[in-house]
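Reader: I have some questions about this fold and would enjoy going through them with you. Could we look at the chain together?

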Amino acid sequence: MVILGSLRSMLPTLIPKWASSSFRPLPLRWAPARMCNISACSYKLRNVDLHPLWRTTIDVPGGSRQSPIDIRVLDSVFHPQLTPIRTQYDPNTCLHIWNNGYSFFVEFDDSTDKSVVSGGPLENPYRLKQFHFHWGVNNDWGSEHTVDSKVFPAELHLVHWNCSKYRTFEEAIMESNGLAVIGVFLKLGKHHEKLQKLVDILPSVRYKDSLTEFNYFDPSCLLPSCNDYWTYSGSLTTPPLTESVTWIMMKKPIEVDHSQLAVFRSLLYTAVGEEEKNMVDNFRPLQPLMNRTVLSTFQPALRLSHAKKSEEHTHRQKAG
Ligand SMILES: [Zn+2]
């Protein structure tokens with residue numbers, strides 16, 4: 001996820017001034033299959049020329065609950081008490097869209113409880129602050145989280161903060177149970193009608209630091225129809241990488257078509273007058289799960305089929 005949008009005041013310390021001449025976008029993490037092979041690892045070690053966002057010592061904070069992670073389906077634990085999450089978004093709270101030099105943000109008025117998420121693992125409502133995406137240079141990668149090593153071309157993050165516990169978003173991002181982020185995978189498929197309103201406005205925020213009005217948008221249209229999700233405790237995926245996030249990763253991806261993702265890729269990391277660098281591969285590499293459990297609202301399908309087989313086996317034995 002990206003929190004820069006609401007940390008504009010901290011930008012000078014987080015992002016050193018960078019010369020566009022020496023800048024190259026985030027390097028590829030590893031092959032789409034995310035196999036750790038010698039070339040991938042050695043490539044990783046050579047990663048000295050990163051997006052300016054990552055040119056700080058906090059790149060590796062040494063935490064124990066960092067994000068993103070690879071969600072291992074069979075290792076996730078079905079938790080029947082987890083209720084569906086409930087989003088209630090007022091399209092009138094949608095304010096504007098801007099290019100922060102790493103992604104584009106759609107920001108919301110969070111001074112009231114008009115747009116909130118509740119339910120699921122959340123003890124109280126969390127207010128919607130912004131949403132943004134991460135995507136790849138092509139359709140083979142781009143998501144931050146993966147599912148059994150499967151990578152998606154893009155991932156949506158809807159960022160909410162705990163307004164019962166904290167006074168401001170800026171306070172919440174530094175504290176435990178401060179944030180709740182809904183993650184949605186984007187896969188290549190049908191044209192997404194509702195997303196198109198957003199895609200159409202993107203050319204107006206092509207350059208870094210550009211901002212334009214964007215009103216009356218209800219982002220619940222970007223959620224999948226299926227309510228199943230995984231949830232785990234994690235972190236921001238951009239500096240300051242604080243471990244303040246309850247992640248809610250929707251199981252079912254939404255579909256978008258190639259032309260829509262192509263417009264994402266036409267955005268620029270760079271400001272007007274700088275050498276143009278396309279905004280692509282704006283994701284953080286996978287982080288170790290460590291001592292964490294991923295909970296799910298559903299029984300993993302393989303277990304079900306396994307259970308069915310063993311049930312059939314029992315029936316056959318009885319019949320025999
Ligand atoms: Zn993000």
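Reader: Is Asp-281 buried, partly exposed or exposed?

Author: Happy to start there, and please keep in mind that this is a predicted model. Asp-281 lies in the loop between α5 (258-265) and β15 (295-296), and its phi is near 55°, a positive value in a residue other than glycine. A residue needs 20 or more C-beta neighbours within 10 Å to be buried and 12 or fewer to be exposed. With 19 such neighbours, Asp-281 therefore counts as partly exposed.

Reader: Which residue in the loop between β8 (146-147) and β9 (154-162) has a positive phi although it is not a glycine?

Author: The phi in question is about 70°. The residue has 13 C-beta neighbours inside 10 Å, so it counts as partly exposed. Its place is between β8 and β9, and its name is Ser-149.

Reader: Which residue follows Pro-239 across a cis peptide bond?

Author: Let me begin with another cis bond, the one from Ser-67 to Pro-68, with omega near 5°. Pro-68 lies in the loop between α2 (38-45) and β1 (70-71). For the bond you ask about, omega is about 15°, and the loop is that between β12 (229-234) and β13 (245-250). The partner of Pro-239 in this cis bond is Pro-240.

Reader: What percentage of the contacts between residues at least 6 apart in sequence join residues at least 24 apart?

Author: The chain has 6 helices and 15 strands. Of its 320 residues, 40% count as buried. Among the contacts you describe, the share joining residues at least 24 apart is 76%.

Reader: Which strand gives the most residues to the largest nonpolar core?

Author: That core has 63 residues, and Val-117, Leu-179, Val-181, Ile-182 and Ile-248 touch the most other members. The strand you ask for contributes 7 residues and spans 179-188, so we are speaking of β10.

Reader: Which residues is Ile-182 in contact with, leaving aside its neighbours within four places in sequence?

Author: Ile-182 is one of the core members that touch the most others. Two more of those members, Val-117 and Ile-248, also appear in its contact list. In full, the contacts of Ile-182 are Ile-85, Val-117, Leu-158, Ile-248 and Met-250.

Reader: How many residues of β7 are buried?

Author: One good example is Phe-131, which is in strand β7 (residues 126-135). Phe-131 has 28 C-beta neighbours inside 10 Å, so it counts as buried. The strand is largely enclosed by the rest of the structure, because its buried residues number 10 of the 10.

Reader: Which residue of β7 is the bridge partner of Val-106?

Author: β5 and β7 run antiparallel and are joined by 2 bridges. Val-106 is also in the contact list of the residue you want, together with Leu-156, His-157, Leu-158, Val-159 and Pro-219. The bridge partner of Val-106 is Phe-131.

Reader: How many bridges join β7 to β9?

Author: β7 also pairs with β6 (residues 116-119), in the antiparallel sense and over 2 bridges; there Val-116 stands opposite Arg-127. β6 and β7 form a hairpin with 6 residues between them, and Gly-120 in the turn has a positive phi of about 55°. Towards β9, Trp-135 has Ala-154 as its bridge partner. This β7 to β9 pairing is antiparallel too, and its bridges number 9.

Reader: Which residue in β11 is the bridge partner of Trp-98?

Author: β4 (residues 94-99) is joined to β5 (residues 104-108) by 5 bridges, and the two run antiparallel. They form a hairpin with 4 residues between them, and His-96 stands opposite Glu-107. β4 also pairs with β11 (residues 211-213) in the antiparallel sense over 3 bridges. In that pairing, the bridge partner of Trp-98 is Leu-211.

Reader: Within what arc do the buried residues of α5 fall, seen down its axis?

Author: The buried residues are Gln-260, Leu-261 and Phe-264, and what covers them includes β7, β9, α4 (193-201) and β14 (254-256). The face turned away from this buried side carries the exposed residues His-258, Ser-259 and Ala-262. The buried residues line one face of the helix, because they fall within an arc of 95°.

Terms used:
Residues are numbered from 1 along each chain as its sequence is written. This is a predicted model: local features need pLDDT of at least 70, side-chain atom pairs count only at pLDDT 80 or more; totals for chains, interfaces and linings use all residues. Two residues are in contact if their C-beta atoms, placed from the backbone, lie within 7 Å. A nonpolar core is a set of buried Ala, Val, Leu, Ile, Met, Phe, Trp, Tyr and Cys residues joined through C-beta atoms within 7 Å. Two strands pair if DSSP finds at least two bridges between them. The arc is that of the directions from the helix axis to the C-beta atoms.
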